[in-house]
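Trainee: I have a structure to read and little practice. Can we go through it together?
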Amino acid sequence: MITTIIKDRADGGVKRKELFETLVRDSYRQAYNFAVRLCGAGQEAEDLVQESYLRAYRFFHRYDETLPFLNWLYRIISNAHIDSMRKRNRIRVTSLDQPALGTNATIDVADQGPTIDRQMQNDSMSEHVQHALVTMTPEFRTAVLLADVEGMAYEEIAEVMNTSVGTVRSRIHRGRKQLRKSLVEKDPTYYGGMCDDM
Amino acid sequence: MTCNQVSALLSAYIDGELSGIEMRFIREHVCYCPECASELQAERHVKSILGGAPMVAAPAGLEDRLIAAVMAEEHRSPFAVVAKFAVAGVLAFVLATAALQFNRRSEGADPTARIDTSRHEAFMDASDPFGGGQMVYTTSYGQ
């Protein structure tokens, strides 16, 4: 009887693994697209997607199969992105203009301009818009992307972001306002009509 | 409805997330308020820019890299390692128990072998190493 139980559990584990693999194959394109909109960079987006799928796999036993997998995954991606932003903000910043400790040499830093793969991705959405997205408040950016890129209803977004519909409404409103302001600052000629209250 | 109230609802309006009455109020307000009408147009413009952008193509091989990373995680997971050892341990226990039972039965232990002192006889178990088979001793005790 014990061997039956063990065999059933092992079979269940194999089925769950196969199910997860199928879900990855079905969802990775949208997941990557969402991650690019959040991060604005190729390798960073890939790292975010990979980290998110790993988290999803670790907690796959908590996933309710009656609910859309993508919605659950978007929540994981959003949280993973915010976690990485917070970690980045905790990293100490060293002045690049002061000589390195114990030497007279200054610190050389690689060019922070867009890499070639980033430029290729930016072609599909204007560089101004992508840059404006990246400079938004993370929670606002997530809400706006889920509404405008993923086409989700407010109730779905509230579930993904683990908040209320009212908060989603406020985040989207303020997020679009941030986006508009940023776009007008970048290119007043093209986006000038978007911000009549400036 | 004031312009500030309308402004706060414009995003939800273009997303179709307002009640019927609220939608009507907004529609009527923007008809006679050019500033709010202009802001509504700007909101729609932002939404269309984001919504109209084509999906970013995933890099070649991403699908396989993701699957490989997840499978590698499965083998690294401490839970998976512990679970595998536990399963192996239980299987080993079950097999050992079964083997022990099989050995005892194959040696032909006579289930009726017993020491019956009331009959002044003792039947030794067939597994007695000095006897090699069933032996009967007549005893004088108990008389």
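The dialogue below takes up chain B, then its interface, then one residue.

Mentor: This is a predicted model, where local features need pLDDT of at least 70, side-chain atom pairs count only at pLDDT 80 or more, and totals for chains, interfaces and linings use all residues. Residues are numbered from 1 along each chain as its sequence is written, chains are lettered from A and ligands numbered from 1 in the order written, and side-chain values use heavy atoms, without hydrogens and water.

Trainee: How many helices and strands does chain B have?

Mentor: Helices (H or I, at least four residues) and strands (E, at least two) are DSSP runs, numbered from the N terminus. Chain B has five helices and three strands. Their order from the N terminus is α-α-α-α-α-β-β-β.

Trainee: What share of chain B is buried?

Mentor: Buried means under 20% relative accessible area, exposed over 50%, and partly exposed in between (1.4 Å probe, protein chains only). Of the 143 residues in chain B, 27% are buried.

Trainee: Next, the interface. How many residues does each chain bring to the contact?

Mentor: Contact means heavy atoms within 4.5 Å. Chain B brings 42 residues and chain A brings 44.

Trainee: How much area do the two chains bury?

Mentor: Buried area is the accessible area (1.4 Å probe) that two parts lose on being put together, summed over both. Here that is about 4,000 Å², with 67% on carbon and sulfur atoms. On the chain B side, B:Leu50, B:Val56 and B:Leu66 lose the most area to chain A, together 17% of what that side buries.

Trainee: How many salt bridges cross the interface?

Mentor: A salt bridge is a side-chain nitrogen of Lys or Arg within 4 Å of a carboxyl oxygen of Asp or Glu. The rule finds eight between chain B and chain A. One of them joins A:Arg25 and B:Glu63, at 2.9 Å from N to O. As for classes, the side of chain B that touches chain A has 26 nonpolar, five polar and 11 charged residues. Ala, Val, Leu, Ile, Met, Phe, Trp, Tyr, Cys and Pro count as nonpolar, Asp, Glu, Lys and Arg as charged, and the others, Gly among them, as polar.

Trainee: Now a single residue. Where is A:Val149 found?

Mentor: A:Val149 is in the loop between helix H6 (138-148) and helix H7 (154-160) of chain A.

Trainee: Why is A:Val149 called partly exposed?

Mentor: Because its relative accessible area is 23%.

Trainee: Which residues does A:Val149 contact, apart from neighbours within four places in sequence?

Mentor: A:Val149 is in contact with A:Asn33, A:Val144 and B:Leu50. A:Asn33 is 116 residues away along the chain, yet the two C-alpha atoms are separated by 9.3 Å.
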